[in-house]
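Me: I'd like to go through this one and check where the labels come from. Could you pull it up?

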Amino acid sequence: EDHHLTVEHFSAESQLEFHALLFVYRSMPFDLFESEKKRINNKLYVGRAFIMDDCDELLPDRLSMAKGVVVSENLPLDIRRETLQQSKILRVIKTNLVMKCPEMS
């Protein structure tokens, strides 16, 4: 059974390189917009190394219906969450993901 309305796989190769897999659920959870039960569940990898689950820095709250996995070679392996929030690389990735979301239809 297909649980996703749409799935988008894309790569960006310019100043930095990353690969992303984004998807939107076919039917949204009834508590999607309740902040207490916020389920971000966006995953971030550097190469093949898992860095973070629930990476809310990847997509803004208004796109909470989109989930995804991002793999980038440009982030350091030993990055901390505080450093990640200020990362210019992550801001560029986020901008690309936000621009890609409206195309997912």
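Me: Which residues does Ser-72 touch, not counting those up to four places away in sequence?

Reply: Bear in mind that this is a predicted model. Ser-72 touches Glu-17, Phe-18, Tyr-45, Val-46, Gly-47 and Ile-93 once residues up to four places away in sequence are left out. Ser-72 itself has its place in strand 5.

Me: Why is Ser-72 called buried?

Reply: Its relative accessibility is 1%, and buried means under 20%, so Ser-72 counts as buried. Its side chain also reaches the backbone nitrogen of Asn-74, at 3.1 Å.

Me: What makes Phe-10 and Phe-18 an edge-to-face pair?

Reply: Two numbers do it. The ring centres are 6.0 Å apart, and pairing asks for centres within 6.5 Å. The planes stand at 80°, and over 60 degrees counts as edge-to-face, so the label fits Phe-10 and Phe-18. Phe-10 and Phe-18 are both buried.

Me: How many aromatic pairs does the structure hold?

Reply: Two. Tyr-45 and Phe-50 form an edge-to-face pair, with 5.3 Å centre to centre and 70° between the planes.

Me: Why do Tyr-45 and Phe-50 count as partly exposed?

Reply: Partly exposed runs between the 20% and 50% cut-offs. Tyr-45 comes in at 24% and Phe-50 at 45%, so each counts as partly exposed.

Me: How do you know that Lys-100 lies over the face of Phe-10?

Reply: Lys-100 is at 5.2 Å from the ring centre of Phe-10, and the distance limit is 6 Å. The angle to the ring normal has a limit too, 35 degrees; I have no angle to quote, but Lys-100 is listed as lying over the face of Phe-10.

Me: Which residues have the most contacts inside the largest nonpolar core?

Reply: Phe-18, Val-70, Leu-84 and Leu-97, in a core of 24 residues. Strand 2 supplies the largest share, four residues. Leaving aside neighbours within four places in sequence, Leu-84 is in contact with residues including Leu-44, Met-52, Cys-55 and Leu-90.

Me: What makes strand 1 and strand 2 a pair?

Reply: Pairing needs at least two bridges, and strand 1 and strand 2 have nine, in the antiparallel sense, so they qualify. Thr-6 has Val-24 in strand 2 as its bridge partner, and a hairpin of three residues joins the two strands. Strand 2 also pairs with strand 5, antiparallel over seven bridges, with Leu-22 opposite Gly-68 in strand 5.

Conventions. Residues numbered from 1 in each chain as written. Heavy atoms only, no water. Phe/Tyr/Trp six-rings, centres within 6.5 Å; stacked < 30°, edge-to-face > 60°. Buried < 20%, exposed > 50% of the residue type's maximum accessible area, 1.4 Å probe, protein only. Core = buried A, V, L, I, M, F, W, Y, C linked by side-chain atoms within 4.5 Å. Contact = heavy atoms within 4.5 Å. Polar contact = N/O pair within 3.5 Å; in protein donor to acceptor, adjacent residues only side chain to side chain.
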